[in-house]
Structure formats: C-alpha cells, structure tokens
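Colleague: Before I use this model, I would like to go through the reasoning behind its description with you, one step at a time.

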Amino acid sequence: MNFKDEIRQGIPDQLPEQASYDLSVNHAPNRKDLLSQDEKHLALANALRYFDPKHHSVLAPEFAKELKDYGRIYMYRFRPKYRMYARPIEEYPAKTPQAAAIMLMIQNNLDYAVAQHPHELITYGGNGAVFQNWAQYLLAMKYLSEMTEEQTLVMYSGHPMGLFPSHHDAPRVVVTNGMMIPNYSKPDDWEKFNALGVTQYGQMTAGSYMYIGPQGIVHGTTITVLNAGRKIAKHGEGLAGKLFVTAGLGGMSGAQPKAGNIAGCVSVTAEVNPKATQTRHEQGWVDEVIQDLDELVSRVRRAKEGKEVVSIAYQGNVVDVWERFDEEDVYIDLGSDQTSLHNPWAGGYYPVGMSFEEANTMMAEEPEKFKEAIQSTLRKHADAVNRHTAKGTYFFDYGNAFLLEASRAGADIMAEDGIRFRYPSYVQDIMGPMCFDYGFGPFRWVCTSGNPDDLQKTDDIACSVLEKIRLNSPEEIQQQMADNIQWIKGARENKLVVGSQARILYADAEGRMKIAEAFNQAIARGEISAPVVLGRDHHDVSGTDSPYRETSNIYDGSQFTADMAVQNFVGDSFRGATWISLHNGGGVGWGEVMNGGFGMVLDGSSEADRRLKMMLHWDVNNGIARRGWARNEGAIFAIKRAMEQEERLQVTLPNLVDSSTTEGLF
Ligand SMILES: NC(=O)c1ccc[n+]([C@@H]2O[C@H](COP(=O)([O-])OP(=O)(O)OC[C@H]3O[C@@H](n4cnc5c(N)ncnc54)[C@H](O)[C@@H]3O)[C@@H](O)[C@H]2O)c1
C-alpha cells in the first residue's frame with residue numbers, strides 16, 4: 001500500500017504483523033507499576049476500545065504484556081512500516097494545506113533522527129509525548145487527511161476525539177495535554193493516569209507538533225552562554241579559554257556543546273546514556289568523547305591553555321566530573337546542568353556510583369531505593385557545585401528543576417534567607433530581563449517544501465528584515481538585535497538542521513510580524529516554493545507560566561498564577577492560529593507549569609497576512625503587558641513602545657510604589 005493510502009486507512013482492519021522490540025532504537029525507560037488489578041483491567045479496556053472486537057482476543061494479551069513489561073501500552077504492532085520524517089508537503093493526502101502541514105510537523109516530531117524514544121512516541125525530555133500510543137497516531141493522521149477548512153480536530157492528550165464542524169478562520173486543530181483537576185497533578189498522578197491511557201505529558205513542542213530538533217534550543221542556549229559570559233567578563237573579554245561544565249546530551253541538552261562552540265569556549269558535557277552520547281557525536285554536535293576522568297582532566301587543561309574552541313562529552317555521571325575537577329583544581333568559569341530533573345524518578349536523572357543499566361533496573365524494580373539514590377546523588381551534586389562556586393564559578397539553574405529537586409532532597413542549596421535558592425535561574429539573571437521582558441523569544445519557521453534552498457531564502461529575508469529594523473531600534477535592544485543578526489548569518493554554516501527544514505530566530509513582536517509578512521509575500525511571488533509554518537517554543541514571553549523558569553523573574557506574587565498562558569492559548573485561537581495547544585507540565589514537571597503554543601501556516605494569501613499580523617501581535621504583547629504589570633522595567637519600556645506603534649493597544653500600566661510608603665504598617 002502506498003503512503004497516502006496507508007494514511008487514509010487509519011487503524012487497519014486487518015491486524016498488521018506483530019513487531020519485534022527493536023534494540024537498536026533508544027527506548028523509553030520502563031515506567032512504574034502503579035496500577036491496581038482493577039485499574040489494569042481498565043487500562044486494557046481503554047486501549048482495546050480503539051479496535052474492532054474481532055481483534056480483542058489477540059490484542060488483549062499482547063497489550064497486557066506491554067503494560068506488564070513497560071508500564072504502558074504503546075501498541076507496538078501498529079507502528080507504521082513507512083519511514084517517519086517530514087515529507088515535502090505535497091506528499092501528504094489532505095484536502096487543505098493546513099492539515100498537510102500539521103501532518104508534516106507530527107511526522108517530524110516522530111522522526112528517528114529527531115525523537116528521543118521514537119517507538120514510544122516520545123520526542124524529548126524523557127516523557128514528552130506526541131501521542132500515547134500508535135492507534136492515536138493512526139487515527140489522528142486519518143482525520144487530518146479527511147478534514148476540510150470547515151472542521152476542527154479536537155485532541156485530548158493524544159487522543160483524537162474527532163472532527164467537529166467549525167469555520168474557515170478557526171484553528172484546524174486544538175490540542176490540550178495533561179489538563180488535570182489541580183489536585184490530581186502530582187508526578188505519580190501522571191504515572192497512573194498515563195498508564196490508564198487517559199492523559200499524557202506533552203512537554204512543550206512535543207505534544208504540540210512544533211519540535212525542530214536541538215536547533216530550537218541551540219539558539220537560546222547560545223544566547224544564554226554568551227550573556228552568562230558577558231556577566232563574568234571582568235574587562236569585556238570573550239569566552240576564549242574559559243570552561244563551561246554541564247550535563248545532558250539529550251533532546252534539548254544536546255544543544256549545549258554546539259552552543260559552547262558557537263560562543264567560543266571549552267565545554268564539558270557529561271552524559272550517562274551511551275546512545276545519547278553516540279547520537280550527538282555522530283551528528284557532529286559534540287566534538288570529542290572521553291570515558292576516563294584522568295584523560296578528561298588533562299584534555300581540558302590542554303584545551304584551556306591553548307584557548308581551543310572545543311566541546312567534549314564525558315561518558316558518565318556529571319557528579320563525578322564536578323567532584324574530580326574540584327579535587328584536581330580545574331577551574332570552571334561557567335556551570336549549569338540540563339539533566340531532566342523535571343522527571344526525576346522515571347529516568348530524567350541518574351544516580352552516581354552505579355552503571356546506567358543497574359540504575360534502569362533499580363528504577364523499575366525498586367522505585368523507593370532508586371528515589372533514595374537520586375536524592376543522595378543530588379546532595380553530592382550540590383555540594384560539589386558549592387565547592388566550585390566558592391572558588392568563583394558562576395553557576396545558574398538551567399530551568400530543569402535542578403535547584404528545586406536538590407532542595408527537596410535536602411541539599412545545601414538555599415540562600416541565607418531560607419526562601420530563595422542560592423543560585424539564580426537562567427531566566428532570572430539572563431533570559432527574563434534581557435529577552436522576554438522586551439518580547440524577544442524563540443520564533444521559528446519550517447519550509448514545507450523540504451527544500452534547503454527555500455530555507456536559505458527565508459534566512460536571507462529574515463536577516464534583511466532584522467537589519468532594517470535595527471537601524472531604528474532603541475539602545476535597549478541593540479545587543480539583542482546584533483546577536484540575532486549574527487545568528488541568522490551563521491545559521492547555514494553551523495549546519496543546524498536535523499529533521500525538517502527549520503530555522504529558529506529570537507525576535508520581538510515587531511521582528512516576528514515583519515519577518516512573517518515578508519515570508520508571506522515571498523510565497524505569493526513564488527520565490528518560496530511552498531507554504532511556511534510559523535511557530536515558537538512554549539518557552540517564550542507569553543506562552544508559559546512557570547514560577548521556577550519562564551516567569552521566575554516575576555516578583556509580584558503572580559508567578560504562581562497561570563492566567564497568561566491560558567489567555568495566550570485562547571487569544572491565539574480566535575486571532576488566526578492554524579493550531580493551538582495548552583499543556584500542563586513541560587520543562588519543569590507536571591503540576592509545576594502551564595504552557596501553550598501555536599502553529600500558523602502561511603500560504604501567501606491575503607488572509608494569511610491578516611492572521612499573522614493580528615495573532616503575532618497578541619502572542620507577544622500579552623506577555624509583555626503582564627511582565628510590565630509585574631513592574632519589570634524592560635517590559636514597561638517595551639509595552640509603552642508597543643502602544644506608540646499600535647494605537648488600538650491600551651494596556652494598564654503599574655504605578656510604582658515607594659517602599660517607604662508601606663514600611664512599618666504591619
Ligand atoms: N535548553 C533549554 O533552553 C532548556 C530550557 C529549559 C529547560 N530545559 C530543561 O533541560 C532538561 C533537559 O532536557 P532534554 O530535552 O535534554 O532532556 P533529555 O531527557 O532528553 O536529556 C537529559 C539527559 O541527561 C542525562 N542524564 C541524566 N542524569 C544524568 C547524570 N546524573 N549525569 C549525566 N547525564 C545525565 C540523560 O541520560 C539524558 O540523556 C529538561 O528538564 C528541560 O526542561 C532546557
């Protein structure tokens with residue numbers, strides 16, 4: 001059967017052959033066995049409801065075995081045999097290019113070169129799922145192949161509830177992931193309800209079909225490392241010969257060595273999973289792999305002395321690196337961590353002193369013991385970091401819940417006031433005040449032709465738009481503009497594409513709107529050969545409410561509210577997004593964050609022009625307004641500027657209160 005017919009078929013009527021468990025692929029760790037006997041029956045019945053009863057007698061024992069062996073029912077038998085990748089848009093069977101573009105984005109999220117655990121439909125972050133099982137994938141793709149511009153596909157945590165009548169201007173897909181009654185939003189609730197097959201952890205761009213491989217994060221990471229370097233520079237010098245130590249070569253963390261190279265330092269990134277190390281090394285994202293600590297110490301000394309720009313992967317536990325570098329007095333200039341501590345008990349963080357395999361067995365068979373091992377590792381980890389920072393290392397939390405989980409493990413990580421952490425998060429010190437408050441965030445696009453020439457054209461267009469805007473930009477955003485222009489100029493040379501022909505570029509509201517407008521015009525003129533998908537990471541100005549990350553530089557108490565993310569999702573939907581998503585969890589863990597995003601298809605039409613201007617303006621200024629109301633200086637500046645540029649925008653501004661006014665009143 002050809003690809004188009006296979007997509008149209010959805011869940012096949014005839015059972016495909018049973019698939020063997022492919023050991024050459026990176027698989028999700030076995031999940032905890034939390035369900036009672038009754039709940040296991042329920043999980044099975046929930047899974048079987050996707051299939052004709054004539055198949056139940058074959059599928060029931062098979063799914064029961066999956067649940068027993070892996071803690072989840074993935075329905076491996078239904079994994080398609082065709083290659084999973086972002087095909088050129090015309091290869092998708094669809095009645096509207098909007099639906100075809102969404103199919104392309106879904107397949108990209110599941111591409112073996114892109115996804116972390118492709119057979120378990122996990123794109124990144126250990127648990128960031130596109131779907132819960134293969135039946136949901138098949139059904140969603142079938143619906144997309146049938147939908148018209150008078151319908152909207154409704155996605156409940158990976159489950160396609162169906163196509164509902166809507167209208168031309170409505171989103172084609174509305175995605176929600178992990179929306180729980182708040183009291184049922186703890187990590188073990190995810191384990192339970194995900195095993196039951198009724199919810200999933202969509203992370204950010206996984207469950208919203210907007211992941212573009214590690215490139216998406218390289219840019220943000222480069223900006224972070226560069227600005228961290230500016231913070232520690234004593235005389236305005238760059239990062240040459242300076243050492244950056246961190247961990248994780250996974251989905252997002254895999255961008256760190258590349259960012260280190262672009263920023264011009266020596267970097268050491270520890271990684272416990274040999275498959276992850278191998279993938280990044282083969283892709284050229286990390287230069288060298290070292291397995292031995294003695295060798296690592298001497299290699300790093302040589303690299304620092306020679307001011308080499310080099311990225312080194314250490315195959316092993318990061319705690320060993322921090323401890324050995326302390327013993328050997330290897331000075332670390334910048335330090336961070338990008339293990340998946342938003343997911344500490346299910347494979348996001350590995351205990352020191354045991355092999356990767358031993359840890360995986362303990363995780364599945366002795367979860368309580370595993371938890372203790374994790375917490376004692378976190379205490380050691382924090383102690384070693386503390387010894388380095390006492391010598392002068394600048395350490396920042398990379399939004400992976402390191403400080404949060406370390407504090408929960410009783411590590412010595414609190415500031416003297418006992419309320420705040422001893423170290424800043426990268427958003428508090430860098431991304432928040434320098435980027436988000438001014439509206440700069442991870443804008444991105446995908447050329448649906450799959451043609452690298454189209455991508456080059458979009459890069460050139462974006463660069464010339466930014467250069468034009470920069471001429472009249474205020475001093476406050478000149479550094480941002482310069483960094484972003486430099487990034488887009490070097491983008492092709494840095495070979496950032498993994499998967500779809502995509503580009504990320506930090507831009508503010510004005511930049512995003514003008515770049516998108518120029519793309520749409522180039523499509524209309526035929527200079528770009530096919531539609532372009534616009535989107536962004538949820539990790540942005542307005543998309544995410546997350547008190548320990550995106551909104552950690554909000555200090556008016558509202559960092560624990562989620563109005564901004566929900567408003568963002570709703571507001572994008574009626575201003576023209578092609579698809580929208582709202583997620584619980586993403587980045588820092590279930591129950592810890594609310595985040596949303598969008599996708600928008602530009603097809604060169606005047607309608608696309610209207611939509612992009614209306615939606616992108618809101619999508620950025622919503623967050624700036626909220627940040628300004630929280631009294632963030634940069635955001636007050638940016639929202640006043642936005643009001644000057646658009647007279648229909650009227651935002652409530654805060655009156656600043658002198659602290660002496662409230663002193664002594666309580
Ligand atoms: N890059 C960013 O801008 C950014 C922003 C915010 C948050 N984050 C956070 O960073 C974390 C990582 O994201 P990801 O997509 O790379 O996740 P991932 O799970 O794909 O990668 C994490 C990697 O860390 C490795 N690891 C775990 N414990 C280790 C240890 N003790 N020593 C060495 N390696 C260890 C794992 O094997 C895994 O490969 C997440 O929590 C994410 O939310 C990243």
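Colleague: Among contacts in the chain between residues at least 6 apart in sequence, what percentage join residues at least 24 apart?

Modeller: Bearing in mind that this is a predicted model, 71% of those contacts join residues at least 24 apart, where a contact requires heavy atoms within 4.5 Å.

Colleague: Why does the radius of gyration of the chain agree with that of a compact globule?

Modeller: For 666 residues the globule rule, 2.2 Å times the number of residues to the power 0.38, gives a value near 26 Å, and because the chain has 24 Å, the two agree. Along its principal axes the C-alpha trace spans about 70 × 60 × 60 Å, and 63% of the 666 residues count as buried, that is, under 20% relative accessible area.

Colleague: What makes the approach of Ser 253 to the ligand a polar contact?

Modeller: A polar side-chain atom of Ser 253 lies 2.6 Å from an oxygen atom of the ligand, and the limit for such a pair of N or O atoms is 3.5 Å, so the pair qualifies. By that limit the side chain of Ser 340 qualifies too, with an N or O atom 2.7 Å from a ligand oxygen, as does a backbone N or O atom of Met 252, at 2.9 Å from an oxygen of the ligand.

Colleague: How much of the ligand's area does the protein bury?

Modeller: Taken alone the ligand exposes 850 Å², and the protein buries 98% of that. The shell around the ligand has 10 nonpolar, 19 polar and two charged residues.

Definitions and conventions
Residues numbered from 1 in each chain as written. Predicted model: local features only at pLDDT ≥ 70, side-chain atom pairs only at ≥ 80, totals over all residues. Heavy atoms only, no water. Polar contact = N/O pair within 3.5 Å; in protein donor to acceptor, adjacent residues only side chain to side chain. Areas by Shrake-Rupley, 256 points an atom, 1.4 Å probe, with all protein chains shown as cover. Nonpolar A, V, L, I, M, F, W, Y, C, P; charged D, E, K, R; others polar. Buried < 20%, exposed > 50% of the residue type's maximum accessible area, 1.4 Å probe, protein only.
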